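Here is a friendly walk through one model, written for someone who likes to know the cut-offs behind the words. Have the viewer ready and follow along.

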Amino acid sequence: MTTEQKLEILERAIEEGAVVEISYYGAEKFTKEKALEKVEKLGTVQEIESDGSTWLTSGDYGFGMTVFYKKAKEDRKKQLLAELAELEAAE
């Protein structure tokens, strides 16, 4: 399917009141900064982390965007060290 065909389908769906959620899935594609550039255009940005994945999301009901990203190495190290400290403190 061509980009033009996809746009025609999206345009028709939006005109008919469809909810549109754009999702960039594939953490290896984006840094947090690049992800932020994409979603901040839609308003307030929320950062979510679950089961080892991290993503940014924005938008309102009807049109939104989610962009998964890979954390920077230093951020991952800080998080792991904090988790280790919590485990050691619990013992």
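How many bridges join E3 to E4? There are seven, and the two strands run antiparallel.

## Ground rules

This is a predicted model, in which local features need pLDDT of at least 70 and side-chain atom pairs count only at pLDDT 80 or more, while totals for chains, interfaces and linings use all residues. Residues are numbered from 1 along each chain as its sequence is written, and side-chain values use heavy atoms, with hydrogens and water left out.

Helices (H or I, at least four residues) and strands (E, at least two) are DSSP runs, numbered from the N terminus. Two strands pair if DSSP finds at least two bridges between them.

## The sheet

Four strands make an open sheet with mixed pairing, in the order E1-E4-E3-E2. E1 (20-24) and E2 (45-50) stand at the edges with a single partner strand each, so one side of each has no neighbour in the sheet. On average, neighbouring strands of this sheet are turned by 20 degrees against each other, direction ignored; the axes behind such angles are lines fitted to C-alpha atoms, for helices over the stretch in contact, and angles run from 0 to 180 degrees between N-to-C directions.

Now for the pairs. E1 and E4 are parallel, with five bridges, and Val 20 has Phe 63 as its bridge partner in E4. E2 pairs with E3 (residues 53-60) in the antiparallel sense over six bridges, and Ser 50 is matched with Ser 53 of E3. Between E3 and E4, Ser 58 has Met 65 as its bridge partner. The hairpin of E3 and E4 has two residues between the strands, and Gly 62 there takes a positive phi near 115 degrees.

## A threonine in E3

Thr 57 sits in strand E3. Is Thr 57 buried or exposed? Its relative accessible area is 18%, and it counts as buried because the label applies under 20% (exposed is over 50%, partly exposed in between, with a 1.4 Å probe and protein chains only).

The side chains of Thr 57 and Thr 66 share a polar contact of 3.2 Å. A polar contact is a pair of N or O atoms within 3.5 Å; within protein, one must be able to donate a hydrogen and the other to accept it, and residues adjacent in sequence count only if both atoms are side-chain atoms. Beyond four places in sequence, residues in contact with Thr 57 (heavy atoms within 4.5 Å) include Val 45, Ile 48 and Met 65.

## The core

E4 (residues 63-69) is mostly covered, with six of its seven residues buried. The largest nonpolar core has seven residues: Phe 30, Ala 35, Val 39, Leu 56, Met 65, Val 67 and Tyr 69. Helix H2 (32-39) and E4 each supply at least two of its residues, and E4 gives the most, with three. Such a core is a set of buried Ala, Val, Leu, Ile, Met, Phe, Trp, Tyr and Cys residues joined through side-chain atoms within 4.5 Å.

Met 65 also touches residues beyond four places in sequence, among them Ile 22, Lys 38, Val 39 and Leu 56.

## Helix H3

Which helix holds Glu 86? Glu 86 lies in H3 (residues 73-90) and is exposed, at 59% relative accessibility. H3 is hardly covered: among its 18 residues, the count of buried ones is zero.

The 18 residues of H3 reach 26 Å from first C-alpha to last, close to the 26 Å expected at 1.5 Å a residue; that expected span is 1.5 Å times one less than the number of residues. The C-alpha atoms of Glu 86 and Gln 46 are separated by 25 Å, with the two residues 40 apart along the chain.
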